[in-house]
Amino acid sequence: MKLRRDAETEVDALDQVARYLDHAGLGEGWLVMFDLRKELSWAERLFVREVAHGGKTVRIVGCRERVERAMRAC
């Protein structure tokens, strides 16, 4: 899970997931990103897509920023 604040977050997160998958000996995994960017519409923040990154298959789920309140409570 990652909180997305800018364009670099996704690439950094994919690099991290690829390293985790390497360490676990897996070829595929999931990444959930909560998008905190205010300028995007709901449609742009909510998605599921599959990408190849670092020789791995990663399914990315994009979510709205409502988790921000829950994260502050922790």
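Helices and strands here are DSSP runs, counted from the N terminus, with at least four residues for a helix and at least two for a strand. On that basis the predicted model reads β-α-β-α-β-β-α along the sequence, which comes to three helices and four strands. Of the 74 residues in the protein, 39% are buried. Long-range contacts feature heavily: taking contacts between residues at least 6 apart in sequence, 63% join residues at least 24 apart.

The four strands make up an open sheet with mixed pairing, in the order β1-β2-β4-β3. That leaves β1 and β3 as the edge strands, each pairing on one side only. Neighbouring strands are turned against each other by 30° on average, ignoring direction. Seven bridges hold β2 and β4 together in the parallel sense, and across this pair Trp-30 sits opposite Arg-59 of β4. On its other flank, β4 runs antiparallel to β3, again over seven bridges. Here Phe-47 has Gly-62 of β4 as its bridge partner. Leaving aside residues up to four places away in sequence, Phe-47 touches Ile-60, Val-61 and Gly-62. The hairpin of β3 and β4 has two residues between the strands, and in it Gly-54 takes a positive phi near 60°.

Now to the helix that sits on this sheet. α1 packs on the sheet and touches β1, β2, β3 and β4, with its direction at about 135° to that of β4. The helix has 17 residues and spans 25 Å from first C-alpha to last, close to the 24 Å expected at 1.5 Å a residue. Its buried residues are Thr-9, Glu-10, Ala-13, Leu-14, Val-17, Ala-18 and Leu-21. These lie on the same side of α1, because they cover an arc of only 165° around the axis. It is these buried residues that pack against β1 (2-4), β2, β3 (47-53) and β4. Round on the other side of α1, Arg-19 and His-23 are exposed. Just past the end of the helix, Gly-25 has a positive phi of about 70°.

Ala-13 is a handy residue to follow from the helix inwards. It belongs to α1 and has a relative accessible area of 1%, so Ala-13 counts as buried, the cut-off for that being under 20%. Not counting residues up to four places away in sequence, Ala-13 touches Lys-2 and Leu-31. Its C-alpha atom is separated by 8.8 Å from that of Met-33, which is 20 residues away along the chain.

Ala-13, Leu-31 and Met-33 turn up again in the largest nonpolar core, which has nine residues. Alongside them are Leu-14, Val-17, Leu-21, Phe-47, Val-58 and Ile-60. At least two residues of this core come from each of α1 (8-24), β2 (28-35) and β4 (56-63). The biggest share belongs to α1, which gives four residues. In soluble globular proteins, nonpolar side chains tend to be buried together. Phe-47 is part of this core as well as the bridge partner of Gly-62.

Technical notes:
Residues numbered from 1 in each chain as written. Predicted model: local features only at pLDDT ≥ 70, side-chain atom pairs only at ≥ 80, totals over all residues. Heavy atoms only, no water. Core = buried A, V, L, I, M, F, W, Y, C linked by side-chain atoms within 4.5 Å. Buried < 20%, exposed > 50% of the residue type's maximum accessible area, 1.4 Å probe, protein only. Contact = heavy atoms within 4.5 Å. Expected span 1.5 Å × (residues − 1). Arc of directions from axis to C-beta. Pairing = 2+ DSSP bridges. Axes fitted to C-alpha atoms, helices over the stretch in contact; angles between N-to-C directions.
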